[in-house]
Amino acid sequence: MNRREFLKRTVVAGIAGGIALTGLNKVETAWAATIAVGTMIDLTKCDGCTGKDLPACVAACRETNRDRFPRPRPEDILPYWPQKKFEDWSQKQDVTNRLTPYNWTFVQKVEVEHQGKKATVFIPRRCMHCDNPPCANLCPFSAQEKTPEGPVLIDPNTCFGGAKCREVCPWHIPQRQAGVGLYLKVAPKFAGGGVMYKCDLCYNRIINGELPTCVDACPKGAIEFGPKEEMRKKARARAAAINGYIYGEKENGGTSTFYVSAVLFTVLHRALMEQKQSPGLPVEVENYLETANGLAQGLLLAPVAGVLAAGLAVYKGMKGDGNNE
């Protein structure tokens, strides 16, 4: 790549970043034939697969994505500059009661008071796949992407593990694993902390006409998948039928995941916090990009992201040419 091409990519990436940060990327093009998809999760049907070692959705997710889990070498797991710490889950791969780089979905069990009685609610948790994801729009390395189909993806070959995505996510979904990623080849002592991992809604499956593995595996039919607007309608109909509530329509500016519950989500969130469970379910939580700080940060970051994206393109081009050996 010559200097002119580098500059051209820098400008284009900066403009694209600015457009994304203003929310204009949410406008669908007339020629796009892709149908956005989503999920509906009915908390009245989920029982956490009580009696099994693992909920079926968790077990299926782990098995399906096992080949994509990080495999760091012990000697590469070092503190990330300028901090003197690192996040290493490689010796805790069996943890299934929270999100980790090796566990992209889990099921919370929360005790609440409902209609004067004690009730137990099970809540499958993973990425919400937001409509205007601040995680993707504020990634300085352009390592995240909101696909036309709806899922938000992280490219492990581009991610530096800076964790900005986790910082701006209301639910702090992405999780970091040290000792893997591009930073090891670029500047291991000065930049990067690993790679961020999260649910991608089984993107490779859905573009081939298959169901996400968690949907396929659920024995109770608690997780439904289909065109996003159809899922929204189903969620509203189900909520009306049980005199219940929906979560995910407004939160973070809107998501592709619609939870339906007979219990108020404010009650569920409060119970999760009291029982020291994370993430919570903050109702109508705002999108960071729509705050003054978020917008200002985004506008400042966009040109930087463009330069970094162009630099990464140059690096990959050199690597492809064999000049990085």
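M40 stands opposite E224 in strand β8, and that pairing is a good place to enter this predicted model. The strand that carries M40 is β1, with M40 on one of its two covered faces. β1 spans residues 37–42, while β8 covers residues 223–227. The two strands run antiparallel to each other, and 5 bridges hold the pairing together.

Now look for the other partner of β1. Strand β10, made up of residues 257–261, runs parallel to β1 and is joined to it by 4 bridges. Here the residue to pick out is I41, which stands opposite Y259 in β10.

How many of the residues of β1 are buried? The count is 6 of 6, so the strand is mostly covered by the under 20% cut-off on relative accessible area. If you colour the strand by side, you will find V37, T39 and I41 on one face. The other face holds G38, M40 and D42. Both faces are covered, with every one of these residues buried.

From the strands, let us move to a helix. C61 sits in helix α2, which takes in residues 56–65. Is C61 buried or exposed? Its relative accessible area is 9%, and because that is under 20%, C61 is buried.

What does C61 touch, once neighbours within four places in sequence are set aside? Its contacts are W104, T105 and T213. You may also like to check C61 against C199: these residues are 138 apart along the chain, and their C-alpha atoms are separated by 8.7 Å.

Conventions
Residues are numbered from 1 along each chain as its sequence is written. This is a predicted model: local features need pLDDT of at least 70, side-chain atom pairs count only at pLDDT 80 or more; totals for chains, interfaces and linings use all residues. Side-chain values use heavy atoms; hydrogens and water are left out. Buried means under 20% relative accessible area, exposed over 50%, partly exposed in between (1.4 Å probe, protein chains only). Contact means heavy atoms within 4.5 Å. Two strands pair if DSSP finds at least two bridges between them.
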